[in-house]
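I opened this notebook to keep track of what I looked up in one structure, entry by entry. The topics are rings, strands, charges and the chain as a whole.

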Amino acid sequence: MAIKKEDRIEINNKDYNIREFLDYVQRGLEPVRTMMELDGDMYLSDYRDLTTLYWQIHHASVCLKQGSKKNG
């Protein structure tokens, strides 16, 4: 399955194009940078933000796969 720039992804009832989605992911991965700066330690709030991002991306992935099965 090829991803095109105009493809849309929905997360938390907000619709993103692929460029916006990648920006969203980059912002969501900010806790990883903090963890590297703290030599592997992580703030609890950063852990929460990172796991929230994980589940949002996981859910979007499942929805994309289900959509491709319906369209395929």
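Entry 1, rings. Before counting, I noted the rule that rings of Phe, Tyr and Trp, the last by its six-membered ring, form a pair if their centres lie within 6.5 Å, with planes under 30 degrees apart called stacked, those over 60 called edge-to-face and the rest tilted. I am working with a predicted model, and in this structure I found two aromatic pairs. For Tyr16 and Tyr24 I read 5.1 Å between the ring centres and 40° between the planes, so I entered this pair as tilted. I then looked up how far each ring residue is covered: Tyr16 is buried at 8% relative accessible area, and Tyr24 also counts as buried, at 16%.

The other entry under this heading is Tyr54 with Trp55, an edge-to-face pair whose centres are 4.8 Å apart and whose planes stand at 80°. Here I noted Tyr54 as partly exposed, with a relative accessibility of 47%, whereas Trp55 reaches 53% and counts as exposed.

Entry 2, the strands. I went back to Tyr16 and saw that the charged end of Lys14 sits over its ring, 4.7 Å from the centre. Which way do strands β1 and β2 run relative to each other, parallel or antiparallel? I recorded them as antiparallel, with four bridges joining β1, residues 8–11, to β2, residues 14–17. Glu10 has Asp15 of β2 standing opposite. The hairpin that these strands make has two residues between them, and I noted that Asn12 takes a positive phi near 55° there.

Entry 3, Arg8. This residue belongs to strand β1 and is partly exposed, at 41% relative accessible area. When I set aside its neighbours within four places in sequence, I found Arg8 in contact with Asp15, Tyr16, Asn17 and Glu20. I also looked up the separation of the C-alpha atoms of Arg8 and Arg19, which are 11 residues apart along the chain, and wrote down 9.6 Å.

Entry 4, charges. How many salt bridges does the count give? I obtained three. In one of them Arg33 pairs with Glu30, with 2.4 Å between the closest N and O atoms; the two residues are three places apart in helix α2, residues 30–37, and so are separated by about one helical turn. Both ends are partly exposed, Arg33 at 38% relative accessible area and Glu30 at 35%.

Arg33 also meets Glu37 in a salt bridge, again listed at 2.4 Å from N to O, and these residues lie four apart in helix α2, about one turn of the helix. I marked Glu37 as exposed, at 54% relative accessibility.

Arg48 and Asp49 form a salt bridge too, with their closest N and O atoms 3.2 Å apart; Arg48 is partly exposed at 49%, and Asp49 is partly exposed at 34%. Looking for shared partners, I found that salt bridges join Glu30, Arg33 and Glu37 into one network.

Entry 5, the whole chain. I closed with the overall values: three helices and two strands, in the order β-β-α-α-α from the N terminus. Of the 72 residues, 21% count as buried, and the accessible surface comes to about 5900 Å², with 55% of it belonging to carbon and sulfur atoms. Among contacts with a separation of 6 or more, I noted that 30% come from residues 24 or more positions apart.

Conventions. Residues are numbered from 1 along each chain as its sequence is written. This is a predicted model: local features need pLDDT of at least 70, side-chain atom pairs count only at pLDDT 80 or more; totals for chains, interfaces and linings use all residues. Side-chain values use heavy atoms; hydrogens and water are left out. Buried means under 20% relative accessible area, exposed over 50%, partly exposed in between (1.4 Å probe, protein chains only). Contact means heavy atoms within 4.5 Å. Accessible areas come from the Shrake-Rupley method with a 1.4 Å probe; for residues, only the protein chains shown count as cover. A charge sits over a ring if NZ of Lys or CZ of Arg is within 6 Å of the ring centre and within 35 degrees of the ring normal. Two strands pair if DSSP finds at least two bridges between them. A salt bridge is a side-chain nitrogen of Lys or Arg within 4 Å of a carboxyl oxygen of Asp or Glu.
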